[in-house]
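Visitor: Could you walk me through this structure before I go back to the bench?
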Amino acid sequence: FRNSKSTGKYPPSPPALPFIGHLHLLKSRLPTSLENLAKRYGPLMRLRLGATEFVVASDEKSARQILKTFDADFASKFAPGPTTFHIYKDGYFVGAPYNAYWKFMKTLCMTKLFTGSQLARFIGIGEDETCKLIKSLLKRSKAGEPCDLTEELSEATNNMIYRMMVGRRCSKNLGQAAEIRKFILDSLKHAAKFHLGEMFGPLKKFDLFGNGKKIKSALMGYDQLIEQIMKGYEDNDLDNCGNDHEKDVMDILLETYKDTNAKVKLTREHIKNFFMEIIMASVDTIVAAIRTAMAEVINHPDVLKRLREEIDLVVGNRLINESDAAKLPYLQAVAMETLRLHHPSPTLRRLSRKDSKINGFDIKEGTKVFINIYTIMRDPNRYEEPEKFMPERFLDNCTEMKAQDFHYIPFGSGRRACPGSYLAIPVMHLAIGSLVQCFDWKVKDGEKADNKARGTGYSGACPSALVCYPKARFNPFEE
Ligand code: HEM
C-alpha cells in the first residue's frame, strides 16, 4: 500500500496478493464478504481490489462520523460499476462527485421534483397502479393460476415511476415504459457481468468478453427512445401547462433546461442520464423491498395474521389507501424490518475529498469508502436476534424512518441520502397492505418463500422471481 509507507495511522488490512490485492477474498456477495473480513480485521479496514484502494466501514460509530460529523468531507461518490462504456460522459447524478451539477440537481430533487405537488401526484399514481395490480391478481386467483409476484410488482412499479416522470404526455403508452426498462435492464445485466477484477484491476480498459459493447448498444437504444420522448414534449409547446400540479418531472426538467438564468446549464445529456439513473435507483429497490416483505409475511403466518387484523380493524370494507398507513403501526414496522434485514442495496459509497480521521484512523484524500449497512443494521448490540424477521422490534419507535440513529439507515444519511424515501415508503405500505388485505398466499406445497433479494454483487438490487398462488379473500371492486 502506498499509504502504509507514510507516517499516518491507517486502518488494518488483510495480507494482499501481488496485482490483485484482496480480490480473492471477495467470494460471496459483497456485503457478506465484507462482513466476514470485518469480523477479523475490525470495523474500519483497508482493502485493495486490483489497483484501487478502499476503506470499509462496518459499524455505527464510523458510519456516524462519515455520514454526519465529516459529511461534507465525504460528500463525493465513486461510480458503482464500469464507466468506460457509458455513452453519457458528464451527466452523472447518483454516482457524481460533489460538484456544482450534483448540488444543483439535488436541490431540484428536494424542492421540486420529488416533493410537494409532485409527491401528491405520485401517491395518486401509486394508488391507481396498486388497484391495477390487485385486479390482475384477482384474475389469476379466479383462474387458479400461480403468479410471479416479482414480475407483477416490477410492471406496476415501473409504470408508477414512468408516469411520475413523463406521465403528462406518455401515460397512455405504457409499452414505452416497458421498452425503456428493457434497455436499462440489459445495460445493467451486461455491467454486472464485469468481474471485479475487470472493473477495478489493470484490465479495466479492455473489453475482454464484449460486455462493454453490449452495454453501449443497450444504452444507444435507450437514447433513441428518450430523445423521441423529449422531442414530443418540445414539439407540443402549446401543451405546456402553467399549473404546477399538472407538471410532471420531464416538464420541470425541460423548463430548467430552457431557463437561461439557471445556476447550472442543463444539457440534453444531463436530462437523459438523470431519467435513467432515477429508474435504476427506484424501480428495482422498491420491487425488491415489497417482494421480500411479502416473502417474509408468507413465511410468518403470525405476522400475516397480526397485519391483517390491524388492516381489517382500521380500514374495514374498502381497499387500503395511502393515508391509512399513519394509523397502521404494524404495517409500518413490517416495512422497516424488511429494509433492515433485506436491504436492496446494502453498501453505501463515498469518496473522501480531503485527509481526515475516522475512528482514530487516518483516511487519505481520494480514498474510496464502502459503508456496509448490511452489517450495521444487524449489529447484535443494537438488535436482539438480528437475523430474525421481527417487525415488533420497531413498534415502540415507528413513527418515522428518520436517519438520526446510525444503526438504522436504509436510505443513507447526510448530503447523499436518498431523495426518494418519501415516495418509496408510501408505495411499500400500499402494496404490502393491499396484498395482505386482499389475498391468502401460498408457495408450492411444503415450500418456503425465498426471502433473499439478490444483488448483482456490486450494484443495486436485482430481485429474483417469487412464484406463488394468490387466493382472493376480499375483492374491493365487487359491486
Ligand atoms: C425502497 C426503496 C429505496 C431504497 C431502499 C433506497 C435506498 C437508497 C440508498 C441507501 C441510497 C444511498 C444513500 C447514501 O449513500 O447515503 C439511495 C440514493 C438515491 N436514491 Fe434511493 N432508495 C429507494 C427508492 C428511491 C426512489 C423511489 C428514488 C427516486 C424516485 C430514489 C432515488 C435515489 C437517488 C437519486 C439517490 C442518489 C442520491 C445522491 O447521490 O445524492 N431512491 N437510495
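Guide: We can go from the overall make-up to the sheets, the helices, the ligand and a few single residues.

Visitor: Fine. What kind of model is it, and how many helices and strands does the chain have?
Guide: This is a predicted model, and in it the chain has 14 helices and nine strands. Of the 479 residues, 44% count as buried, and among the contacts with a separation of 6 or more, 77% are between residues 24 or more positions apart.

Visitor: Let's do the sheets. In what order do the four strands run?
Guide: The four strands make an open sheet in the order 1-2-7-4, and the pairing in that sheet is mixed. At its edges are strand 1, residues 44-49, and strand 4, residues 347-351, each of which pairs on one side only. On average, neighbouring strands of this sheet are turned by 25° against each other, with direction ignored.

Visitor: And how many bridges join strand 1 to strand 2?
Guide: Six bridges join strand 1 to strand 2, residues 52-57, and the two run antiparallel. If you want a pair to find on screen, Arg-46 has Val-55 in strand 2 as its bridge partner.

Visitor: Which helix packs on that sheet?
Guide: Helix 1, residues 30-41, packs on the sheet and touches strand 1, strand 2, strand 4 and strand 7, while its direction makes about 95° with that of strand 7.

Visitor: What about helix 2, mostly covered or mostly open?
Guide: Helix 2, residues 60-69, is mostly covered, with seven of its 10 residues buried. The buried ones are Glu-60, Ser-62, Ala-63, Arg-64, Gln-65, Ile-66 and Leu-67. The cover over these buried residues of helix 2 includes strand 1, strand 2, strand 4, strand 5, strand 7 and helix 13.

Visitor: Back to sheets for a second. What is the order of the three strands?
Guide: The three strands form an open sheet in the order 3-9-8, with antiparallel pairing, and its edge strands are strand 3 and strand 8, each pairing on one side only. Strand 8, residues 439-442, is joined to strand 9 by four bridges, and Asp-440 stands opposite Lys-471 in strand 9.

Visitor: And strand 3, how many bridges join it to strand 9?
Guide: Two bridges join strand 3, residues 147-148, to strand 9, residues 467-472, and these strands run antiparallel. Along that pairing Cys-147 stands opposite Cys-468 in strand 9, and the bridge partner of Asp-148 is Val-467.

Visitor: Switching to the ligand: how many residues surround it, and which are the closest?
Guide: There are 25 residues around the ligand, and the closest are Ser-282, Gly-412, Cys-418, Gly-420 and Ala-424. Two elements give two or more residues to that shell, namely helix 10, residues 268-299, and helix 14, residues 421-438. Helix 10 gives the most, with six residues.

Visitor: How does the shell split by class?
Guide: The shell around the ligand has 16 nonpolar, six polar and three charged residues.

Visitor: Since helix 10 came up, at what angle do helix 6 and helix 10 cross?
Guide: The axes of helix 6, residues 174-192, and helix 10 come within 11 Å and cross at roughly 80°, which means that helix 6 is roughly perpendicular to helix 10.

Visitor: Which residues meet there?
Guide: From helix 6, Ile-180, Arg-181, Ile-184 and Leu-188 meet Met-276, Ile-279, Met-280 and Val-283 of helix 10. By class, the residues of this contact divide into seven nonpolar, no polar and one charged.

Visitor: Last topic, backbone angles. What is the phi of Phe-19?
Guide: As background, most residues other than glycine have a negative phi. Phe-19 has a phi near 65°, a positive value in a residue other than glycine, and Phe-19 is found in the segment before helix 1.

Visitor: Glu-385 has a positive phi as well; where is Glu-385 found?
Guide: Glu-385 is found in the loop between helix 13, residues 373-376, and helix 14, and its phi is about 40° although it is not a glycine.

Visitor: Why do Phe-19 and Glu-385 count as exposed?
Guide: A residue counts as exposed with 12 or fewer other C-beta atoms within 10 Å of its own. Phe-19 counts as exposed because it has 12 C-beta neighbours inside 10 Å, and Glu-385 counts as exposed because it has 9.

Terms used: Residues numbered from 1 in each chain as written. Predicted model: local features only at pLDDT ≥ 70, side-chain atom pairs only at ≥ 80, totals over all residues. Near = placed C-beta within 6 Å. Nonpolar A, V, L, I, M, F, W, Y, C, P; charged D, E, K, R; others polar. Pairing = 2+ DSSP bridges. Axes fitted to C-alpha atoms, helices over the stretch in contact; angles between N-to-C directions. Parallel < 35°, antiparallel > 145°, perpendicular 65-115°, else oblique. Contact = placed C-beta atoms within 7 Å. Buried ≥ 20, exposed ≤ 12 C-beta atoms within 10 Å, placed from the backbone.
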